[in-house]
Every structure is written in structure tokens, then in C-alpha cells.
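Work through the following exercises with the structure at hand. Each task is followed by a solution in steps.

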Amino acid sequence: METSSVTPTKQTHVAILTSPGMGHIIPSLELGKSLVSQHNLKVTLFIPTTSKSPESPTLQNNQDGLNVINLPPVDITHLVAGETSLVVGITTIVRESLASLRSIIETSQQIPTVLIIDLFSTDALDIADEFKMSKYMFCTSNMSAYAFLAYLPKIKRVKNSNDLVSRLTELVHVPGCKPIRVGLLADPNTGSYGCMLRHATRFKELSGVLLNTFEDLEQETYRALIDDEIAELIPTPSVYPVGPIIKPTVGPSQNQAIHCLSWLDNQPNGSVLFVSFGSGGSLSSEQVTELAFGLELSQKRFIWVVRNPVDFVLPSSYYLDAGNTKEIDPSDFLPDGFLARTQQVGLVLPNWAPQVEILSHASVGCFLSHCGWNSTLESILNGVPMIPWPLFADQHLNATLLSDDIKVAARTQIPPGKEVIRREEIERMIRLVMEEGDEEGQNLRRRAKELKTSALRAISIGGSSYNSLCQLVEKWNTESDSVQL
């Protein structure tokens, strides 16, 4: 595989500081792997942790040139209230981990010349200045979300903040982009809004922003962000779409994985609905029951990754503890007789499933998803249409983007999270996407195949995302050489 044209006299060392949560860690890890294997860089990935952070075998299998360091666990219970927002919780964990990060960099045999942070790690920019590192950010959300955040400081100046806080439904007209509803990204009535604003005010310090997306997926927003006139209105550095960067398909290593993939081998092409709400998503008891009956009513084949219902747990605490799941028995909370009645057409998996391997299987025809951006990209890269079921954070914006703009997803007539979605509506959505005779479903499946082709082209040698990353690496290598000289 081709690499950048400029080769430094010594390997360029890039540090990546991710945020806690698998939705941030996995793409950061895969970016690091790509920089090492395709561009011959040295990469250190730093992961902030708490005492409850799950251990992932994926992160322990380091390759030559890639070093994954779990920073010492921090305790933030005395710094945040129990009901704190997800954004505030993540930001606090990162901030409390910076002393360890500084100490490790200071004693490093080769101090990195580049620091890549993520959306919630802007406090680390001070460390980059201290060690004279170039400053970049890797945005693991979609480009529209980034454009909104980059414009946020301007909104703060031109609007009365109290007016903005009081209107969750207000549309923000980001220059050159489609309007974004404030409430799709953050509730201005919580601490998350102020915290995100504080991060956004520091974006102007960056030399560039890597985006886990590709040009063809978000053409309108991309054109806006590279337009010189619009750049004067949105204070953003240069943007580099380098995605989709997702976890690769690997051979299953668990008996459960082998079982579900073998089960898929015996199903007709495109006949299976995959249902999963990501590493940090779960539903209420009532919603789990309605989803079960909706699946049964649809009479479609399915794989459903289930977790214990959570009726009184905040998304922030569940998300940050994702992976620390105990063994469960789905019969304890699924409707009586559901497992027996659906055993010929459905497969219920407790807690976890090999998602990338499932989505890449020919038998899978639709993905009912929480719309985390990683899951969204995995679905797109495998040509699978979606039924969005957002739970929190940027998932609501992702769902709107998928259905209204990209047109690869069918939306429920009842917004998830507003009220319980009943079994009849769930059945309707599944049949719409899965049944061959439905015209809307045919359009979704056709669009999904088009996007798959476009995504694969973007990350192939000579593609837009591949070239974008090569451009950055060449710049880093040149800067690294000048530092060494």
C-alpha cells in the first residue's frame, strides 16, 4: 500500500488522546493502526480511565509502532454530581487524567511532534503548547455535528444565551449547512451545553480537524467548511475527512460469535434484521416488551442483542460503564414464551455480538440501531439500510441525517425517547424496510448499496479520504524533520 511521499529521517511520533467510551476509543485505535501500517508513523494512544472502565482485549494487542497506554484511573465522584451529563462526565475524566499524560510525555524517549485530541479533550491543548506539539483533533461524530460545534461560539455572541437555552426546538442556521435543531445535540438546560461551548471556543487553536466521514456522504457540509467566505463565518481550521474508519472484520474468537455467524450462514440473503443499541445503550422494561412483540409480529428473521432493562439509570453512567456487563438471562425480562415462539426465526444474544462481522454478512438486510456514529459507518460500509432508534448524545442528529439527508434509513413516526414506541409501529418499520414489495424499502436498499460503493472508493488508494490522510502525514513528516534539524 502506498505511503506519503515525504519520509522523515526519523519516524514521526504522533500522540492520540481519546475520550473514555468505546465510541471514541475504537475509531481512535483504528486511526492509530492506519497511521502505523499505511504511513510508517510511530503512534501512542492514550486512554483516560476510571475504576469502572472496562478492559478490552482489542486494545491489548499492540502492533509494532503502536503503543496503547491506559492512563491511571481517576475518581471524579467528588467533582461531579451523580446526575451529571455525559459530556461533563467525560470532560472531567479527561481533565483529571492530564497530569499523568504530561508525566508520561515528559519522560518519553521521543516526545511526539503531533497531538491529536478529540471533541472532549481540548484541555490537553495546553500540554501540546508546553511540549511544542502541533495540535489536531479527531472528530468521531458526523461533519454536521462538528460544523454546529465550531459555530457555537458565534451563536453565543449573537444571541441572548437565555433565549437559546429556553428553546430546545430552535433551528440554528449554520452558514452553508442545513439548519440543526439545538436539542438534537445537547439540552441547553444542562451543563453539557456550557461544557461543549467551552470546548468549541478552543477549536480555533487547532492546525486541523480529522473527521471520521467522507466527502460524498456529507457533500453540502463539506463544501461549506472548505469555502473561504464561509470560513470567515465559522471559525474552523482546515478539515480533513479521513473516514470511514471502523473496526475491521476479524475472525470470531468467542463461542457466541461462532454460533451467531453459523446461524446467519443458514439464512437467506438479506432476510435478517440485526437489532443492537451499541456498547452503552439499553431500553426501559416497557420498551423491551414492546420491541419483543414488534419483532414477533413482523414475522421476520432477527438477531437481537439484549441487555437488562434500565428504567432509572442515566445514559452517562451506563455509557461510561459499558463493557462491565454481568451475565444475564434474557428469559428473566423478555415476555413469557417469546424465546420459544421465535426460536425458529430469531436469535437473542445477551450483552454482546460481533457487530462488524454480522453487518458484513450477506444474510443481514437491515440494522435497527441507536445510530451511534461508529455503528452508522459500519452499516454504511456494508451497504445495510437502517431503522434509527437514537437514545442520547449525537445519536438524534445522526438519525435525522440518515433519514432526511442521506436517505438510507426509515424513521419511526414517534421519535424514540419521547414515549414508548408500540409494537404496531415497530412492526410497520420492519416490514417497510425488509419486504421486497415495498417501494420505500427498495429505495433504501438501493441507496445503501450506492453509499457502500462510495465509502469503499473513499478509503481506497487514490480515494478522497486516503488522499486526505496522506496530505496530513506528509505535513507531519515535514514538520518532524524540521524539528529534528
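A residue counts as buried when its relative accessible area is under 20%. The model used here is a predicted one.

**Exercise 1.** Decide whether Phe-338 and Trp-304 are buried or exposed.

Solution. Step 1: the relative accessible area of Phe-338 is 0%, so Phe-338 is buried. Step 2: Trp-304 has a value of 2%, so Trp-304 is buried too.

**Exercise 2.** Describe the ring pair of Trp-304 and Phe-338 and place it in the chain.

Solution. Step 1: the ring centres are 6.1 Å apart and the planes make an angle of 85°. Step 2: planes over 60 degrees apart count as edge-to-face, so this pair is edge-to-face. Step 3: Trp-304 belongs to strand β11 and Phe-338 to helix α13, 34 residues apart. Step 4: ring pairs also bring in Phe-302, giving a cluster of Phe-302, Trp-304 and Phe-338.

**Exercise 3.** Find the sheet that contains β11 and name its edge strands.

Solution. Step 1: the open sheet has 5 strands, in the order β12-β11-β10-β13-β14, with parallel pairing. Step 2: β12 (346-350) and β14 (386-388) each pair on one side only, which makes them the edge strands. Step 3: β13 is joined to β14 by 3 bridges; Ser-369 has Pro-388 in β14 as its bridge partner. Step 4: helix α11 lies across β10, β11 and β13, at about 165° to β11.

**Exercise 4.** Which parts of the chain does the pair of Phe-277 and Trp-389 tie together?

Solution. Step 1: this pair is edge-to-face, with 5.7 Å between centres. Step 2: Phe-277 sits in the loop between β10 and α11, and Trp-389 in the loop between β14 and α16, so the pair ties together parts 112 residues apart in sequence. Step 3: Phe-277 and Trp-389 are both buried.

Notes:
Residues numbered from 1 in each chain as written. Predicted model: local features only at pLDDT ≥ 70, side-chain atom pairs only at ≥ 80, totals over all residues. Heavy atoms only, no water. Pairing = 2+ DSSP bridges. Helix = DSSP H or I, 4+ residues; strand = E, 2+ residues; numbered from the N terminus. Contact = heavy atoms within 4.5 Å. Axes fitted to C-alpha atoms, helices over the stretch in contact; angles between N-to-C directions. Phe/Tyr/Trp six-rings, centres within 6.5 Å; stacked < 30°, edge-to-face > 60°. Buried < 20%, exposed > 50% of the residue type's maximum accessible area, 1.4 Å probe, protein only.
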